[in-house]
Amino acid sequence: RRLLLEHGQAFFTVAKDAERPFTVEANGKVVTAYGTAFDVRIQSQKLQVALLEGQVSVGPSSTKRQGAVMLQPNDMLIADKNSLEVVRVTNPASLTAWREGVLVFQNDKLGSAVGEINRYNTKRIIIADDDVSELRVSGTFKIGHTSSFVGALNTLFPIKVSERENEIIISKK
C-alpha cells in the first residue's frame, strides 16, 4: 500500500490496517496514514498535506522515520526543502472543495486565488500590477467558470479587464 505522487493533488480515504500501513511519497517526504482521510498536494516545490480525519505522520523520505510530524484533524503541513510548518485550518471543507467542482477563497490574496483558478483553465488570468495581486478576495467559485470569477472581481474592485486570445489581463484602473 504505497503510492508515489510526483506532481498534482490527490485525496485519500484509507482503511485502518496496522500490519499494512498506507504511504504516499511526495516531494522528498513520506506521508503514513493510520486509517484516515487526507489531501496531498505538490505545487511550486512545496508539499501540502491536509488532514481531515484520523491521523497521519509526515517524515523524511528515508527508511528512518525519525523526525516525523504527527498531524491531527484540521492540521495542514506545508513543507519545502528548507522549511516545515503545521497550521490549523479553520475551514477544512475548503481544502477539498475542488473535489466538488468549486474553489473556496477566504480573504486570500488575489494573486494566490488567480493561481488556483489558472490550475483548471486553458485561458490564463494574468495580473499586470503587484498592487492588484495584493487585493483580498473571498467567495466560492465554480471551477471552469473563469468569466464569473473575473466578473465578480470587476464588480468588487477598481480594476481593468482586457482579453487576448488565451489570456485575461487584470490591471489597475
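Reader: What makes Phe141 count as buried or exposed?

Author: In this predicted model, Phe141 has a relative accessible area of 10%, and since buried means under 20% relative accessible area, Phe141 is called buried. Phe149 is judged in the same way: with a relative accessible area of 0%, it falls under the 20% limit, and so Phe149 is buried.

Reader: Why is the aromatic pair of Phe141 and Phe149 called edge-to-face?

Author: A pair of aromatic rings is described by the distance of the centres and the angle of the planes. For Phe141 and Phe149 the centres are 5.0 Å apart and the planes stand at 85°. Rings pair if their centres lie within 6.5 Å, and planes over 60 degrees apart count as edge-to-face, so both conditions are met and the pair of Phe141 and Phe149 is edge-to-face.

Reader: What kind of pair do Phe12 and Phe22 form, and what makes it so?

Author: By the rule for ring pairs the count comes to 5 aromatic pairs, and one of them joins Phe12 and Phe22, with 5.4 Å from centre to centre and 55° between the planes. The distance lies within 6.5 Å, while the angle is neither under 30 degrees nor over 60, and therefore the pair of Phe12 and Phe22 is called tilted. This pair links distant parts of the chain, as Phe12 belongs to strand S2 (residues 8-14) and Phe22 to strand S3, 10 residues apart. Both Phe12 and Phe22 are buried, and ring pairs link Phe12, Phe22 and Phe38 into a cluster.

Reader: How do you know that S5 is largely enclosed by the rest of the structure?

Author: The conclusion rests on a count, because 7 of the 8 residues of S5 are buried, where buried means under 20% relative accessible area.

Reader: Which strands pair with S5, and what shows the pairing?

Author: Two strands pair if at least two bridges are found between them. S2 and S5 have 7 bridges and run antiparallel, and S5 is also joined to S6 by 7 bridges, again in the antiparallel sense, so both counts satisfy the limit of at least two. Among the bridges, Ala10 has Val40 in S5 as its partner, and Ala37 has Glu53 in S6 as its partner. S5 and S6 form a hairpin with 2 residues between them, and Ser44 in the turn has a positive phi of about 50°.

Reader: Why do S1 and S8 stand at the edges of their sheet?

Author: The sheet is an open one of 5 strands, in the order S1-S3-S4-S7-S8, with mixed pairing. Strand S1 (2-5) and strand S8 (69-71) each have a single partner strand, so one side of each is left without a neighbour in the sheet. From one strand to the next, the twist averages 20°.

Reader: How do you know that S3, S4, S7 and S8 are paired within this sheet?

Author: The test is again at least two bridges between two strands. S3 (residues 22-26) and S4 (residues 29-33) pair in the antiparallel sense over 5 bridges, S4 and S7 are antiparallel with 5 bridges, and S7 and S8 are antiparallel with 3 bridges, so each count passes the test. Val30 in S4 stands opposite Glu25, and in S7 the bridge partner of Val30 is Gly59, while Ser57 has Met70 in S8 as its partner. Strand S7 (residues 56-60) is largely enclosed by the rest of the structure, because 4 of its 5 residues are buried.

Reader: What makes S12 and S14 edge strands?

Author: In the open sheet of 3 strands, ordered S12-S15-S14 with mixed pairing, strand S12 (124-127) and strand S14 (159-164) each have a single partner strand, so one side of each lacks a neighbour in the sheet. S12 and strand S15 (residues 167-172) are parallel over 4 bridges, and Arg124 has Glu167 in S15 as its bridge partner.

Reader: Which residues lie nearest the centre of the largest pocket, and what lines it by class?

Author: The largest pocket holds about 820 Å³ of space and is lined by 28 residues, of which Arg41, Gln48, Met76, Leu95 and Ser112 lie nearest its centre. By class, its lining has 12 nonpolar, 9 polar and 7 charged residues, and S11 gives the largest share, 6 residues.

Notes. Residues numbered from 1 in each chain as written. Predicted model: local features only at pLDDT ≥ 70, side-chain atom pairs only at ≥ 80, totals over all residues. Heavy atoms only, no water. 1 Å grid on protein atoms, 1.4 Å probe; cavity = no way out; pocket = protein on both sides within 12 Å on 5 of 7 lines; lining within 4 Å. Points joined across faces, edges and corners; volume = space filled by probe spheres on them. Nonpolar A, V, L, I, M, F, W, Y, C, P; charged D, E, K, R; others polar. Axes fitted to C-alpha atoms, helices over the stretch in contact; angles between N-to-C directions. Phe/Tyr/Trp six-rings, centres within 6.5 Å; stacked < 30°, edge-to-face > 60°. Buried < 20%, exposed > 50% of the residue type's maximum accessible area, 1.4 Å probe, protein only.
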